[in-house]
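Here are my notes for you on this one. Keep the viewer open and check each point as you read.

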Amino acid sequence: MTESIINKLSVVTFEELSDFVDQRQLLIDQLKLLMESDEVLTSSNKDRIQNITKQDTCISNRMMELKIEAQDWLQQRNQAKVQRSAYEAGYSQDSILMDRKK
């Protein structure tokens, strides 16, 4: 799973990355249960786990990139709302204005 996500990390969407993290967490929880039940992990399994966790930095960096992209998009959208509302008329079209002569 980790190798697959790493191979397409530059084009992975937030949803795919989120699903991956959820699935991986389930596997980690299962491993913890195995460790608590006094079953000993072999050294090859320990090595595989270490190799998998080495990729965490790359995955975290990609998640941060996606977060920053989302923040930038939201800021641009909010700025566009503010600019649009500044140009919209703040009066009703049916209103009548009257001047008083002094």
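How many helices and how many strands does the secondary structure of the protein come to?

1. Start with the overall fold, and keep in mind that this is a predicted model. The count is four helices and zero strands. Walk along from the N terminus and the elements read α-α-α-α.

2. Now look at how the chain meets itself. Take the contacts between residues at least 6 apart in sequence: 64% of them join residues at least 24 apart.

3. Next, the outside. The protein has an accessible surface of about 9,400 Å², and carbon and sulfur atoms account for 53% of that. As for the inside, the protein has 102 residues, and 11% of them are buried.

4. Two arginines deserve a closer look. Find R24 first, which sits in helix α2. Is R24 buried or exposed? R24 is buried, because its relative accessible area is 12%, and the cut-off for buried is under 20%. Setting aside residues up to four places away in sequence, R24 touches M1, T2, I52, T53, D56 and I59. Try showing those side chains together with R24.

5. The other arginine is R62, in helix α4, which covers residues 56-87. R62 also counts as buried, because its relative accessibility is 11%, again with under 20% as the limit. Once you leave out neighbours within four places in sequence, the residues in contact with R62 are L9, S10, V11, V12, L17 and E69.

6. Stay with R62 a moment longer and pick out S10 from that list. What lies 3.4 Å from a polar atom of the R62 side chain? Look at the backbone rather than the side chain of S10: the atom in question is its backbone oxygen.

7. Last stop, the largest pocket. This pocket holds about 660 Å³ of space. Its lining consists of 20 residues, and those nearest the centre are L31, N45, R48, I49 and I52. You have met I52 already, as one of the residues that R24 touches.

8. Which helices build that pocket? At least two lining residues come from each of α1 (2-7), α2 (14-36) and α3 (43-54). Sorted by class, the lining of the largest pocket includes nine nonpolar residues, six polar ones and five charged ones. Colour the lining by class to see how these are spread.

How values were computed. Residues are numbered from 1 along each chain as its sequence is written. This is a predicted model: local features need pLDDT of at least 70, side-chain atom pairs count only at pLDDT 80 or more; totals for chains, interfaces and linings use all residues. Side-chain values use heavy atoms; hydrogens and water are left out. Buried means under 20% relative accessible area, exposed over 50%, partly exposed in between (1.4 Å probe, protein chains only). A polar contact is a pair of N or O atoms within 3.5 Å; within protein, one must be able to donate a hydrogen and the other to accept it, and residues adjacent in sequence count only if both atoms are side-chain atoms. Contact means heavy atoms within 4.5 Å. On a 1 Å grid over the protein atoms alone, a cavity is a set of points where a 1.4 Å probe fits but cannot get out, and a pocket is an open set with protein on both sides within 12 Å along at least five of seven lines; lining residues have an atom within 4 Å of a point. Grid points are joined across faces, edges and corners, and a volume is the space filled by probe spheres set on the points. Ala, Val, Leu, Ile, Met, Phe, Trp, Tyr, Cys and Pro count as nonpolar, Asp, Glu, Lys and Arg as charged, and the others, Gly among them, as polar. Accessible areas come from the Shrake-Rupley method with a 1.4 Å probe; for residues, only the protein chains shown count as cover.
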